[in-house]
Structure formats: C-alpha cells, structure tokens
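Work through the exercises below with the model open. Try each task before reading its solution.

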Amino acid sequence: MIEVRHLTKRYGKHLAVDDLNFTVEKGQIYGFLGPNGAGKSTTMNIMTGYLGATKGEVLIDGHDILKEPEEAKRCIGYLPEQPPVYPEMTVEEYLRFAAELKKIPGAEREAQLERVMCLTGLEGVKGRLTANLSKGYRQRAGLAQAILGFPPIIILDEPTVGLDPAQIIEIRQLIRRLAKDHTVILSSHILAEIREVCSHILIISEGKLVASDTPENLERTMSGTGHVEIEAREEKHKVEEILSRMDEIRSVDCEVLEDGTVKARIEAKGAEDIREQLFLTFAGEGIPLRTLRLEKRTLEEIFLKLTQN
Ligand code: ADP
Ligand code: MG
C-alpha cells in the first residue's frame, strides 16, 4: 500500500528524518510512536505530500507522491497535527468545502457529508462556526474532513491530543471502526495509546526507525533482555568475581541482604536469556542459587530503552 524508501528530511543543518524505510500493508492499524521531536509529523507530512523530502521516496499504491501527487493523494485522508479549520465557516460549510476540494461527485456529496458527520458525532454542531468549537469538536471536524471520500488510507497525526478521556475513548472506537475497511496510520507520543489500538508499531527516535513489529512480538523478542535476579548464600566478593568471568554479562548490581545472603541484579549483553548459564556456572562452583528469576521487560521499558540515549 505504502512504500517509504530512504526518506530523509533536513531543516537547515538539523536532520529531522534520517533514512527511514518501511512498508505499510493493507488492513492494519499502524502506530507511529516516538517522543516529541522524533520526526513523526515531518514523516507524515512528507507521506501525504504536504512537505518535500530532502532525499528518498514515498509510493502510495504505486504512485510516487511527488511525481503523481494527484493519484497518490486520492488514496489518502489526512488529519494533520494542526487541523486546517477556517474560523469563518460553519462545520457543515467547512466539510462541504473539503468535499469540493476532494472532488467528491455532487450526487454523492450530501450523503457522504451526512455519513461522516454521523460517524464523528458532529450533527449537533454542524451549524456552529468552527472558531467556536471546543478542542474535541475541532478535532472531530478535522477527522471528518480526513474521512470524507473514504480513501483507502487514513493518516492521523496525534488524533487524541488535547481531548478528555471520554473523547479519547470515542475517537479510538471510531478509529477501530474505520480500520475495518481502511488502512489507518496514527501517531502518538504515548505508548498506551498506540498499544490500545494498533496492530503494528513503528518506533521512531531522533528521525530513525528503531523498531517495527507487532506489540506482542516487540514484547517477546525484547523482554528476554531484561534483568535476571539471583540470590546465593555466599560472600559478596565471591559472587561478583564469578559473575565478572561470564562474558554474557554487561553489568551487575550486588547487595547483601539482612540474612547475609547476596542478591545480584544482572543485565545481559545480548537478547538471550542467561538463566541457564547462571545456574550451571554457580552449580559448577558448588554454590546453590536460592533465587533465579527473569524480570521481564514491559513494553514501556522497551520503548524507553529504544528512545533514550
Ligand atoms: P514529532 O512530530 O515527532 O514531534 P516533528 O516531525 O514535528 O516531530 O519534528 C522533528 C524535528 O524537526 C524536531 O526537532 C523539530 O524541532 C524539527 N522541525 C520540525 N519542523 C521544523 C521546521 N519547519 N523547521 C525547522 N525544524 C523543524
Ligand atoms: Mg508531531
């Protein structure tokens, strides 16, 4: 559906997007996750043809967004971070204007307007000036504009920012409903948000793609790199000395407990689970381990590890 290849964007000297490569397949909900300033909006603006790239290309259903913008843009509905609203228009006028821009045929226009207003819960405010809308309703108007024409791909930049919890739940339900017959890409700097609705997570940090997988796979493949905790009835220096000989270990944090046993929190170098090596090593030294436990890394910890330096 979408191919992004070697996408790079510089603002002056600042590298905002750094050689991004990914593919978006049909029928999934993709989550663009990254801290503020990671490059999410820049990438989405390029993917939707609002901004030129410094390097690289974006293909939408085979159409290059730069070379065939009309064909490519027809496949996409976009809610930018700052929804484009025209304060002097009512909600209905604004959506009718958007429908004209999208060249929705006159015969279908009214029915579509009704449908998107119903989907986004805007019927009650359709006569109101967009300038007088609350943040939640302004966001819905932007969303309605993105859905108009029911393009196969819907891209939403931080769709729930500034909304209250009830509005967030509503927008999520709407996104799930849309995902039944559209490919949806949304961005957020909040992991819980992405995990809640997305079937595929793209983690972006400082303009680079640092992970791309299902939430389940991310947890499974990276949780093994969590800490292992062991306890042994032994001298602290002896435990430290044995651990220092193991190549698989990156760092060790040892403490002596009240009953004199030693507890060590161990971080492995790689992604593998080192519990069995630990068991065998200590058994080989004639030291029985009283505890051997893997602290699984949560998705929160994985996200933080991938996006902090
Ligand atoms: P995100 O949406 O993930 O918060 P952005 O794509 O908005 O990130 O920004 C990525 C980086 O590019 C940030 O460091 C931001 O300050 C910078 N940036 C964004 N837009 C501009 C611009 N028009 N001019 C200069 N720098 C920009
Ligand atoms: Mg942004």
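The exercises cover the ligand shell and then one helix.

This is a predicted model, where local features need pLDDT of at least 70, side-chain atom pairs count only at pLDDT 80 or more, and totals for chains, interfaces and linings use all residues. Residues are numbered from 1 along each chain as its sequence is written, chains are lettered from A and ligands numbered from 1 in the order written, and side-chain values use heavy atoms, without hydrogens and water.

**Exercise 1.** List the residues around ligand 1 and sort them by class.

Solution. Take residues with a heavy atom within 4 Å of the ligand. The shell around ligand 1 is Tyr 11, His 14, Ala 16, Pro 35, Asn 36, Gly 37, Ala 38, Gly 39, Lys 40, Ser 41 and Thr 42. By class, it has 4 nonpolar, 6 polar and 1 charged residues. Gly counts as polar, Ala, Tyr and Pro as nonpolar, and Lys as charged.

**Exercise 2.** Find side-chain polar contacts (N or O pairs within 3.5 Å) to oxygen atoms of ligand 1.

Solution. Start with His 14: the distance is 3.0 Å. For Ser 41, it is 2.8 Å. For Thr 42, it is 2.5 Å. Next, take the cover: ligand 1 alone exposes 560 Å², and the protein buries 61% of that (Shrake-Rupley, 1.4 Å probe).

**Exercise 3.** Which element gives the largest share of the shell, and is that element mostly covered or not?

Solution. Use DSSP runs (helices: H or I, at least four residues; strands: E, at least two). Strand S2 (14-24) and helix H1 (40-47) each give two or more residues. H1 gives the largest share, 3 residues. In H1, 7 of 8 residues are buried (under 20% relative accessible area, 1.4 Å probe, protein chains only). Lys 40, Ser 41 and Thr 42 are among them. Just after H1, Gly 49 has a positive phi of about 80°.

How values were computed: A polar contact is a pair of N or O atoms within 3.5 Å; within protein, one must be able to donate a hydrogen and the other to accept it, and residues adjacent in sequence count only if both atoms are side-chain atoms. Buried means under 20% relative accessible area, exposed over 50%, partly exposed in between (1.4 Å probe, protein chains only).
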